[in-house]
Each structure stands twice: as structure tokens, then as C-alpha cells.
Amino acid sequence: MTSLAEFTTLRVGGPAARLVRASTTDELVDAALEVWATDEEWLVLGGGSNLLVGDDGFDGTVLKVETRGIRRLDAAPGRARIRVEAGEDWEALVAYTVEQGWAGLEPLSGIPGSTGASPVQNIGAYGAEVSSSLAAIDFLDHETGDRMMLSAVDLALGYRTSALKRGRRGIVLAVEFDLADTGGVSTPVAYPQLATALGVQLGDTVPLADVRRAVLELRRRKGMVLVADDTDSVSAGSFFTNPIVPENEARKLPEDAPRWPVDPEPEDLVLPLGEVPAPRAVQPARVKLSAAWLIERAGIGRGFALPGSRAAVSSKHTLALTNRGGATAEEISELARYVQIRVFSQFGVHLEPEPNLIGISL
Ligand SMILES: Cc1cc2nc3c(=O)[nH]c(=O)nc-3n(C[C@H](O)[C@H](O)[C@H](O)COP(=O)(O)OP(=O)(O)OC[C@H]3O[C@@H](n4cnc5c(N)ncnc54)[C@H](O)[C@@H]3O)c2cc1C
């Protein structure tokens with residue numbers, strides 16, 4: 001039996017009953033259809049950088065996506081449409097697009113994991129989300145067993161979420177991106193800390209390589225790139241998403257609590273035939289809060305650990321929970337629950353975990 005701890009960046013997780021590694025799309029499709037024909041449990045695994053797997057492991061088949069390939073689909077003037085196979089390493093893809101002079105993905109430098117997982121939680125950082133460049137995915141649908149192209153709209157991409165994270169099951173076989181062929185100039189810088197690091201104003205454009213370098217440096221300082229000898233990067237990245245709450249709740253927080261207005265989430269507008277949409281209440285204005293601020297103000301600082309535990313808050317970034325060596329999944333989740341309780345009892349705000357929880361609950 002294969003220990004899943006070897007396949008997750010948190011380095012926790014018990015054994016998988018079966019692990020199938022697929023290095024071609026045909027192998028991946030065949031393996032999936034074979035498992036789906038049974039009533040066995042199954043799990044798709046990319047780089048394991050957004051997973052918390054329980055100590056009892058996974059009693060089913062893990063399909064490990066190892067397909068590779070980047071292909072340019074057309075060369076419309078000023079655009080670069082590319083198809084990237086799901087197992088392609090995300091960080092290597094960003095490096096490649098920057099080398100080619102294609103803009104769109106550069107603020108997402110340094111995020112670990114596979115390209116196939118990028119739409120699952122609509123990865124984002126430094127003012128960008130994959131939703132701004134994603135055109136479509138090649139998808140194997142679990143419900144029908146059919147292979148289909150889904151557009152970005154079909155995926156209902158939102159803040160760290162998508163239809164795939166909300167429960168539509170299947171396998172992303174490849175992702176198509178629509179990038180700007182700018183000859184090396186970035187998209188407008190959209191994040192204040194990045195603008196400061198680059199010495200430019202928000203909205204300015206700079207060489208793509210400069211954005212990439214600055215993002216990697218900012219991320220390194222927060223332990224948010226995978227570095228072999230940095231124990232702070234033995235994590236699943238941010239463990240909690242920034243909570244989104246109605247404006248009237250946000251108003252109850254201390255005045256210095258950071259908050260940002262949020263557009264309403266895209267809703268699933270497709271209704272089964274004959275179903276009448278329920279009357280909708282007017283959506284109250286919503287506000288995004290800073291999970292890191294809430295955690296710190298609840299008295300949990302960098303490096304915090306429960307007595308005797310091998311799990312700790314990163315010493316560089318309060319949002320990341322880390323394995324300091326030999327921690328169990330239970331130790332990580334104990335710490336996560338403790339953080340949730342402290343924040344809830346102080347501010348009445350519930351922190352949602354960002355990683356996908358397999359065989360464990362908080
Ligand atoms: C140090 C560090 C920093 C991070 N920084 C960021 C960040 O800045 N922004 C951000 O958004 N995320 C960040 N993350 C989280 C993580 O890197 C991303 O969510 C990444 O996209 C996960 O990719 P993966 O291949 O490792 O997915 P996995 O962890 O293997 O899987 C995650 C989920 O996606 C599903 N999945 C994986 N591949 C497929 C596929 N081909 N088809 C269908 N489902 C699939 C899995 O079943 C699982 O539910 C960070 C993580 C770490 C460790």
C-alpha cells in the first residue's frame with residue numbers, strides 16, 4: 001500500500017488502497033472509466049499541494065495525473081491560445097509562458113501543483129486568478145462518462161472555488177488558456193504589495209520577468225514556495241480562505257479590520273427542465289475579511305503550536321499550518337480547529353479550510 005504522505009506537500013496522510021499513475025490522457029481516461037464502472041471510491045491527485053488526507057488514508061483508487069505537454073493552438077495576432085495537459089507542473093508552465101513573452105499567468109508564479117488542479121479552486125495570488133486567462137477545459141465527466149469541453153462560464157469560477165470544488169465530479173484532462181502575446185510586457189499590476197516591490201503604480205505594466213521575480217521573492221519570504229529546506233513550506237499553502245460575510249456583520253468588527261467589497265458570486269443559472277426558480281432575496285452587500293488578521297488578532301501568532309504538537313502555524317505567515325516533522329493529519333486538524341474556535345469566539349466569524357479534506361473533518 002502506498003502512503004499518501006509521500007504525495008502531499010503537508011506530508012501527512014495514510015495509505016491508499018490502490019494508486020494508478022497515468023502519464024497519457026488515454027491511460028487516465030481508461031483508468032477512470034474502469035474505476036467508475038465499479039462502486040469503488042476514487043480520488044484525483046495532482047501535486048498534492050491542496051489536500052489534507054486523514055491518517056487512515058483512502059480506501060479506494062487514487063488516480064495520479066502525470067500527463068505532460070504544452071501546445072499552441074492558434075497564433076491570432078497579439079494572442080496565444082495554448083492547451084496544457086493536466087499533469088503539467090503549474091510553476092513550470094508559468095515560467096514557460098513568461099519566457100515566451102505571453103502575459104496573463106505571471107502573478108501566479110510560484111504556486112505549487114498541477115495545471116489540471118488550477119481551475120478546481122480557481123487559484124489566485126497577487127491580484128490575479130486563473131479565471132482571467134482560462135478559456136476552457138477538456139473534461140471527463142463522472143456522471144455521464146463523456147469527454148467534453150467546458151468553458152470558463154460552465155465552471156462558475158469564484159473566489160477559491162468552482163463548480164468542480166462545489167461538487168461536479170470528473171477529471172480535468174487539459175486546460176486551454178487565452179494569453180496576450182505582448183512580447184514580454186506584463187498585464188497591469190493589480191496588487192499594492194506587488195506594485196511596491198516593483199517600485200511602480202497600480203495599473204502599470206512592466207517586463208514579465210520582473211513580475212515573476214518579484215512575486216517569487218515575496219512568496220519566498222512568506223514560505224509560500226516549495227523549498228526543500230524551508231519547513232515553513234511543508235504546508236498546503238493558506239489553510240483558510242478569507243471569509244466573505246454580509247456587510248452588517250463586517251461592521252461589528254474592530255475599525256482597523258481589513259475588509260474589501262465583493263461582487264456577488266456567479267450562480268448556477270441552469271435549472272432542470274420544468275423547474276421554476278425560487279424567488280430570490282436581494283443579496284446584501286458582501287465583504288471579504290482578512291483571515292490572517294483575524295487569526296493574529298485572536299492571539300495566534302506566527303510559529304504558534306499546541307503543547308506537544310508537531311503541527312505549527314508557519315513562522316512566516318499566520319495563514320499556513322505546517323508540519324514541523326512527523327506530524328499526523330490529526331495534529332494538523334487539531335491546530336486548525338483550535339484556530340477556528342479562537343477566531344469564532346472572538347469575532348463570531350467562521351474560517352473555512354481551503355484544502356480539500358479527505359477522510360478527515362474539522
Ligand atoms: C506552499 C504553497 C503555496 C500555495 N499558494 C497558493 C496560492 O497562492 N494560491 C492558490 O490558489 N493556491 C495556493 N496553494 C494551493 C495549491 O497549490 C493549489 O490549490 C494547486 O492548484 C493544487 O494543485 P495540485 O495539483 O497540488 O492539487 P491536489 O492537491 O493534488 O488536488 C487538489 C484538489 O483538486 C483535485 N484535482 C487535482 N487534479 C485534478 C484534475 N486533473 N481533475 C480534477 N480534479 C483534480 C483533487 O482531487 C483535489 O480535490 C499553495 C499550496 C502550497 C503548498
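How far is an oxygen atom of the ligand from an N or O atom in the side chain of S49? In this predicted model, the separation between an oxygen atom of the ligand and an N or O atom in the side chain of S49 is 2.6 Å. The backbone also takes part, in that a polar backbone atom of N50 lies 2.8 Å from an oxygen atom of the ligand, and an N or O atom in the side chain of Q121 is found 3.0 Å from a ligand oxygen atom. On its own the ligand has 980 Å² of accessible area, of which the protein covers 94%.

The surroundings of the ligand comprise 33 residues, and among these V44, G46, S49, S114 and R219 come nearest. By residue class, the shell around the ligand holds 15 nonpolar and 15 polar residues, together with three charged ones. Several strands contribute to this shell, since at least two of its residues are supplied by each of β3 (41–45), β9 (124–125), β13 (170–181) and β14 (235–238).

With regard to the overall organisation, the chain is divided into three parts, namely domain 1, which spans 2–65, domain 2, which spans 70–221, and domain 3, which is made up of 236–268 and 283–358. The centres of domain 1 and domain 3, taken over C-alpha atoms, are separated by 27 Å, and the contact between these two domains draws 13 residues from domain 1 and 15 residues from domain 3. About 1,200 Å² of area is buried between domain 1 and domain 3, and carbon and sulfur atoms give 60% of that area. On the domain 1 side, the residues that lose the most area to domain 3 are L10, N50 and L52, which together account for 54% of what that side buries. N50 thus appears in both settings, with a polar backbone atom 2.8 Å from an oxygen atom of the ligand and with area lost to domain 3.

Key. Residues numbered from 1 in each chain as written. Predicted model: local features only at pLDDT ≥ 70, side-chain atom pairs only at ≥ 80, totals over all residues. Heavy atoms only, no water. Near = heavy atom within 4 Å. Polar contact = N/O pair within 3.5 Å; in protein donor to acceptor, adjacent residues only side chain to side chain. Areas by Shrake-Rupley, 256 points an atom, 1.4 Å probe, with all protein chains shown as cover. Helix = DSSP H or I, 4+ residues; strand = E, 2+ residues; numbered from the N terminus. Nonpolar A, V, L, I, M, F, W, Y, C, P; charged D, E, K, R; others polar. Domains from an automatic or database assignment. Contact = heavy atoms within 4.5 Å. Buried area = accessible area lost by both parts, 1.4 Å probe.
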